[in-house]
Amino acid sequence: MSDWYYMNVVLIQTTLTTLLLALSIQVPLRFGVFSFAGVGAFGIGGYGGAMAMVHLEWSTWPAVAVGALAAAVVVSLLGLVVQRLTGLYMGMATIAFTLIISVLAVNGGDATGGAGGLYGALGEINMQQIVLVVVAVVAVLVWTEARGLGRRIDTVREDPELANALGIDVNRYRLMSFALSGLIGGLAGAITTLLRSTITPAEVNFHLVIVALTAIVVGGARSWLGALIGAVIFVWLPTWLSFVQEWEKVAYGFIVAAAAIYLPNGVLGVAKDALHRYRTREERARVAVLQEKS
Amino acid sequence: MQDLLNAATLGSIYLLFALGMALVWGTIGILNFAHGATFMFSAFVGHMVSRETELPFLGVIVIAVLTGAVISSLTMLLAFQPILKRSKNQHAAEMRILIGGIGVAAIPLALAQRETRSSPFGFKSSYKPEVFEVLGLRITTTSAIIIVTGLVMGIGLTLWLRRSRQGLALRAIGVDAETAAGMGVNRTALAFGTMAVAGALAGLAGALLTFQLGAIAPETGDQLVIKAFAVIVLGGLGSMAGTVIGAYVLAGAETFVVSMNWGTWVDAVSFGLIFLILLARPQGLLGRKEVRRT
């Protein structure tokens with residue numbers, strides 16, 4: 001077990017940071033907000049953390065906190081600005097926001113290191129700390145998925161008019177999703193950057209959107225568990241199947257397209273459906289037995 | 001003045017590219033994210049063929065146009081059609097189509113990147129552009145062809161959509177698909193035709209841009225999708241005349257930014273434009289205000 005652990009430390013770390021990135025896009029989706037701002041938050045968090053470490057010589061965790069908070073604030077402001085938009089318009093506006101972050105990083109001069117990126121921000125982060133952060137984030141998300149709050153969020157997503165009529169402040173919920181998404185995306189960016197010690201503008205690009213989206217679409221968009229399944233699949237798939245490595249990006253494309261067509265609720269959705277069907281059958285069998293007895 | 005000419009050339013490329021996207025989105029309601037990949041891959045097929053044998057100018061154009069039409073129809077057949085069939089409502093379909101399009105777009109991009117190792121590719125053609133002077137302006141035959149083609153296609157498509165019976169049928173689908181089908185409009189056939197025309201336009205734009213620049217990178221397509229989105233939003237969804245104006249406005253603004261020596265900010269123009277328009281006038285310059293219940 002411990003041998004396996006030491007051989008795969010990097011992969012485990014990547015799984016956890018990918019999970020955070022995927023969650024940052026999944027949270028707004030669960031609120032019915034089609035926002036990709038989480039990837040922009042990844043960039044802000046990464047640059048924020050790296051700049052705090054390189055220029056201000058802060059220690060690791062204050063730098064991460066600053067990056068994540070900056071991302072949360074910026075994305076919340078973005079939410080205030082774009083909250084009128086819906087559907088595709090929201091999606092494209094937030095993609096534009098994400099790409100603007102990368103243009104800003106290219107033009108940042110010494111502060112962001114320009115097109116070459118920022119180097120030498122090696123933080124001291126160990127596995128326990130990452131796990132702790134992820135567990136904290138997941139705990140918050142479990143709270144938003146459970147009971148009354150979970151049902152209110154489902155209503156905001158599925159039927160905003162109904163939610164309004166029930167006295168749910170739809171706009172406040174949507175803004176909350178932006179803040180959460182920014183915070184989680186910022187954490188993902190800051191931790192990833194300080195683990196690798198570098199960040200470049202080219203990293204905050206469209207490919208990152210695809211990675212995050214793939215994880216959610218394949219895993220399942222309705223629960224943090226789906227994002228975890230997706231992150232595990234996409235980080236470990238190349239190591240399990242060597243031919244995938246060579247055709248990795250082609251395979252990504254096929255899988256995303258196929259999932260969009262055939263599995264709108266992802267692997268988790270399929271599993272839940274199967275479980276539901278199994279339970280129904282059990283229940284029917286039990287009822288049938290009872291009826292026979294009486 | 002020379003800048004104005006450059007802006008006109010660039011604008012015509014944007015126009016040829018955006019026309020296809022605007023046509024598909026404005027009528028059958030599909031925001032095709034794979035349009036950029038279609039554009040790039042058409043030029044790429046032209047490159048592959050011209051590597052084997054030297055082709056005349058028109059030969060390359062024909063190959064690219066046909067490839068574009070085929071890719072676009074295949075995307076419709078294999079991805080969008082099944083999604084539309086399986087989606088319960090318009091909103092869910094929109095999102096799945098966007099995600100499916102992102103997935104489809106990743107496939108040709110990855111194939112081309114693999115083949116070219118992400119370096120730019122061009123055509124080996126017997127065509128040699130000539131430079132001539134009109135009113136003290138230097139203009140190449142390529143940019144003259146581009147400007148004329150762009151204007152002809154833009155105005156032609158606008159008139160066709162306004163005057164012809166098929167144009168009327170297409171616009172009817174855009175307003176209310178079910179009623180249009182009840183009036184005897186063959187939705188499926190028109191949808192395929194529209195996608196094929198859009199793909200052909202993308203192929204045309206791809207071949208022309210490659211001739212103009214000498215070579216394009218595989219990633220060019222994705223950037224153009226965002227720019228075309230800016231163009232469509234600027235002009236107003238569903239208005240072809242708006243798309244024509246939008247393309248030249250965006251090209252003019254970008255050329256201005258470049259001529260002021262702010263070259264690294266040029267990508268921010270389109271992203272910023274998306275923001276401004278969506279906030280100030282969401283229906284675009286020439287669009288009609290949509291009445292929606294919320």
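**Salt bridges, a helix and an interface in a predicted two-chain model**

In chain A, the side chains of Glu158(A) and Arg157(A) come together in a salt bridge, with 3.0 Å from N to O. The model is a predicted one, and the distances and areas in what follows should be read in that light. Of these two partners, Glu158(A) counts as exposed, at 54% relative accessibility, whereas Arg157(A), at 15%, counts as buried. The pair also belongs to a wider arrangement, since Asp154(A), Arg157(A) and Glu158(A) are linked in a network of salt bridges.

Over all chains the structure holds six salt bridges. Another of them joins the side chains of Glu145(A) and Arg30(A), at 3.6 Å from N to O. Because Glu145(A) lies in helix 6 of chain A (residues 127–145) and Arg30(A) in helix 2 of chain A (residues 9–30), this pair ties together parts that are 115 residues apart in sequence. The surroundings of the two residues can be set side by side: Arg30(A) is buried, with a relative accessible area of 3%, while Glu145(A) counts as partly exposed at 26% relative accessibility.

Chain B offers a further example, in which the side chains of Lys227(B) and Glu254(B) meet in a salt bridge of 3.4 Å, N to O. Here Lys227(B) lies in helix 9 of chain B and Glu254(B) in helix 10 of chain B, so the pair ties together parts that are 27 residues apart in sequence. Both Lys227(B) and Glu254(B) are buried.

The second of these helices can be followed along its length. Helix 10 of chain B, covering residues 240–259, has 20 residues and reaches 29 Å from its first C-alpha to its last, close to the 28 Å expected at 1.5 Å a residue. At its start, a side-chain oxygen of Ser239(B) reaches to within 2.9 Å of the backbone nitrogen of Gly242(B), and the helix is followed by Asn261(B), whose phi is positive, near 70 degrees. Buried residues of helix 10 of chain B include Met240(B), Val244(B), Ala247(B), Leu250(B), Ala251(B) and Glu254(B). In an α-helix there are 3.6 residues a turn, so residues three or four places apart point the same way. The buried residues of helix 10 of chain B pack against helix 1 (2–28), helix 5 (141–163), helix 9 (220–235) and helix 11 (266–280) of chain B.

What remains is the meeting of the two chains, a contact that takes 40 residues from chain A and 43 residues from chain B. The area buried between chain A and chain B is about 3800 Å², of which carbon and sulfur atoms give 78%. Leu88(A), Tyr89(A) and Met92(A) supply 18% of the area that chain A buries against chain B, which is more than any other three residues. Across this interface the rule finds zero salt bridges, and between chain A and chain B the count of residue pairs in polar contact, with both residues at pLDDT 80 or more, is three.

On the side of chain A that touches chain B, helix 4 (60–82), helix 5 (87–106), helix 10 (206–219) and helix 13 (248–262) of chain A each supply at least two residues. Helix 5 of chain A gives the most to that side, with 13 residues. By residue class, the side of chain A that touches chain B divides into 32 nonpolar, four polar and four charged residues.

Key:
Residues are numbered from 1 along each chain as its sequence is written. Chains are lettered from A and ligands numbered from 1 in the order in which they are written. Side-chain values use heavy atoms; hydrogens and water are left out. Contact means heavy atoms within 4.5 Å. Buried area is the accessible area (1.4 Å probe) that two parts lose on being put together, summed over both. A salt bridge is a side-chain nitrogen of Lys or Arg within 4 Å of a carboxyl oxygen of Asp or Glu. A polar contact is a pair of N or O atoms within 3.5 Å; within protein, one must be able to donate a hydrogen and the other to accept it, and residues adjacent in sequence count only if both atoms are side-chain atoms. Helices (H or I, at least four residues) and strands (E, at least two) are DSSP runs, numbered from the N terminus. Ala, Val, Leu, Ile, Met, Phe, Trp, Tyr, Cys and Pro count as nonpolar, Asp, Glu, Lys and Arg as charged, and the others, Gly among them, as polar. The expected span of a helix is 1.5 Å times one less than its number of residues. Buried means under 20% relative accessible area, exposed over 50%, partly exposed in between (1.4 Å probe, protein chains only).
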